Amino acid sequence: MLVLFETPAGFALFKVLDEGKLSKVEDLWKDFSSADKARQVVKLKAFSKFENTSEALEAATLLIDSKPSKGLRKFLKAHCSGETLAVSDSKLGNIIKEKLKIDCVHNNAVMELMRGVRAQLTELIAGLQVQDLAPMSLGLSHSLSRFKLKFSADKVDTMVIQAIGLLDDLDKELNTYAMRVREWYGWHFPELAKIVQDNILYAKAVKLMGYRSNAAKLDFSEILPEEVETELKDAAMISMGTEVSELDLMNIKELCDQVLSLSEYRAQLYDYLKNRMNTIAPNLTALVGELVGARLISHGGSLLNLAKQPGSTVQILGAEKALFRALKTKHATPKYGLIYHASLIGKAAPKLKGKISRSLASKAALAIRVDALGDGQDNSMGVENYQKLEARLRNLEGRELGHHAGSAKGKPKIEVYDKDRKKGAAGLITAAKAYNPAADSVLGKTTPSKTEKPVAEVPVAEDKKEKKKKKRKADDEDMPDGNGNVEPIVEEPAKKERKKKKKHSADDAEVVAAVENEDAGDKKKRKRKHAEEEETEVPSEKKEKKKKKKSKD
């Protein structure tokens with residue numbers, strides 16, 4: 001019976017000298033209490049040394065997944081023919097038995113035997129010292145921990161960071177070159193810029209057409225739609241552009257070649273980035289897309305650094321300048337950064353973008369941690385969270401609609417049109433109502449009731465005639481008779497009283513006015529007298545003053 005033991009330096013095969021001691025598992029540890037006793041139980045038969053650290057890491061990682069490496073299979077074929085092999089992993093033993101046809105054993109006695117061999121390993125393997133084994137174990141453990149954190153060639157996110165940076169640079173260059181083509185060729189055919197909006201199609205049309213006079217002879221069906229093609233040909237016939245030389249046109253076509261080659265390379269780079277993102281971060285890609293996921297990784301520095309960030313940081317990643325400006329000025333902080341360009345936030349209404357960005361950032365933080373530290377390679381978690389977020393978005397939109405409709409629970413209340421019809425019933429509970437024409441409101445002549453008397457309509461012409469007759473009678477009364485005498489008109493007593501009152505009021509007004517005039521005249525006379533007295537007083541005072549001065553002198 002042979003024992004397979006894995007060490008940081010290589011694989012070791014030990015021959016069990018006394019298999020009878022394996023029956024007493026409880027006392028087996030006593031046989032490995034010292035090196036001499038251990039040599040009586042097992043003996044080293046063969047040893048396969050690792051050539052370098054990468055080979056040791058590859059073998060160790062395969063053993064973690066219960067798979068034998070290529071070197072281990074060769075080693076076992078050479079030394080285990082016709083022998084029973086004791087292994088520490090039952091899954092590894094099954095694979096060895098299937099592929100190499102070697103009988104394998106795994107039980108409690110084998111595990112206790114492994115513990116004894118591990119305790120006396122440096123004594124059983126000649127040339128392997130403790131001071132050599134310790135750094136080997138430390139280096140291999142570090143390599144394994146890095147592999148568990150997905151620091152492998154397939155999970156290197158540096159390629160994604162470089163690819164997304166190059167993609168952004170290509171977009172800028174393509175835009176600059178395309179605008180230069182439009183400005184340059186616009187001197188010859190300025191109308192083409194409005195007809196063909198796409199930059200790539202514009203460059204293809206310029207390269208195919210050359211001079212605008214060639215447009216009528218060429219077929220643009222492979223590049224442009226029929227409507228755009230006819231519009232282009234019509235505009236070329238009446239273009240207001242200037243003529244250009246052959247040398248100018250040749251340089252313009254070379255610039256068009258540059259634009260087309262850059263666009264093709266950008267498409268290839270996008271496909272490469274898409275494949276790398278699906279390999280490195282499949283769950284993040286399922287949630288936010290390839291470009292947004294790659295920009296998040298690039299902004300965070302690496303996938304592992306991004307996995308250390310909370311969801312609130314992932315939400316505003318890329319909007320740091322706006323965040324610190326808002327904190328400084330005590331304004332509202334931004335609700336989203338690079339994550340704004342995700343498809344879910346684009347679907348949301350403007351009022352709901354903040355809520356969806358917060359939910360998406362929290363799910364994206366979980367997806368990043370699964371991609372960076374998890375063992376799974378599928379995107380099931382990302383797809384599941386994407387569906388949950390879509391359901392939440394629909395729920396929020398329905399709640400908004402219900403709020404606008406006026407219901408309290410968030411759902412619009414829809415009343416049934418016909419209350420007599422049951423839900424899901426084919427017929428009506430009551431008979432159908434007949435149409436009642438009497439209920440209609442009709443504008444027309446109203447018929448008078450029996451109790452009401454008909455009002456006689458007085459024509460307007462008769463009223464005018466009666467007025468004229470009354471005037472004529474009044475004129476006849478004022479006319480003199482045949483002797484030339486006018487009949488006196490007898491006034492009524494009420495009219496006489498009114499005239500008397502008017503006369504008395506007029507007399508009273510005249511008296512009041514006369515009194516007022518007298519008072520005003522008296523006032524004017526008094527003012528004049530007062531002024532004359534002052535004038536007479538002033539020269540007398542002056543004379544008295546002169547006399548006093550002379551007496552003093």
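Helix 10 and helix 12 are oblique to each other in this predicted model. Their axes lie 9 Å apart and meet at an angle of about 140 degrees, and because the roughly antiparallel class begins only over 145 degrees, that angle counts as oblique. The crossing of helix 10 past helix 12 is left-handed.

If you would like to trace this contact on the structure, start on the helix 10 side with Ile 200, Ala 203, Lys 204, Val 206 and Lys 207. Across from them, helix 12 (residues 246–280) brings in Ile 252, Lys 253, Cys 256, Asp 257, Val 259, Leu 260 and Ser 263. By residue class, this contact has seven nonpolar, one polar and four charged members.

Helix 10 (residues 199–209) also packs against helix 8 (residues 158–186), here at an angle of about 45 degrees and with the axes 10 Å apart. That angle makes helix 8 oblique to helix 10. Helix 8 passes helix 10 in a left-handed crossing. On helix 8, the residues in contact are Asn 175, Ala 178, Val 181, Arg 182, Tyr 185 and Gly 186, while helix 10 offers Asn 199, Tyr 202, Val 206 and Met 209. Six of the residues in this contact are nonpolar, three are polar and one is charged. Val 206 of helix 10 takes part here, and Val 206 is also listed in the contact with helix 12.

Here are the two packings side by side:

| Helix pair | Angle and distance between axes |
|---|---|
| Helix 8 and helix 10 | about 45 degrees, 10 Å |
| Helix 10 and helix 12 | about 140 degrees, 9 Å |

Following the chain onward, where does Lys 217 sit? Lys 217 belongs to the loop between helix 10 and helix 11 (226–237). Is Lys 217 buried or exposed? With a relative accessible area of 72%, Lys 217 is exposed, since the cut-off for exposed is over 50%. Lys 217 and Lys 233 are 16 residues apart in sequence, and their C-alpha atoms are 9.1 Å apart in space.

Finally, a look at helix 2 (residues 53–64). Its 12 residues should span 16 Å at 1.5 Å a residue, and the end C-alpha atoms are indeed 16 Å apart, so expectation and model agree. Which residues of helix 2 are buried? They are Ala 56, Ala 59, Ala 60, Thr 61 and Leu 63. An α-helix has 3.6 residues a turn, so residues three or four places apart point the same way. Just after helix 2 comes Ser 66, with a positive phi of about 60 degrees.

Methods:
Residues numbered from 1 in each chain as written. Predicted model: local features only at pLDDT ≥ 70, side-chain atom pairs only at ≥ 80, totals over all residues. Heavy atoms only, no water. Axes fitted to C-alpha atoms, helices over the stretch in contact; angles between N-to-C directions. Helix = DSSP H or I, 4+ residues; strand = E, 2+ residues; numbered from the N terminus. Parallel < 35°, antiparallel > 145°, perpendicular 65-115°, else oblique. Left-handed = near helix turned anticlockwise from the far one by under 90°. Contact = heavy atoms within 4.5 Å. Nonpolar A, V, L, I, M, F, W, Y, C, P; charged D, E, K, R; others polar. Buried < 20%, exposed > 50% of the residue type's maximum accessible area, 1.4 Å probe, protein only. Expected span 1.5 Å × (residues − 1).
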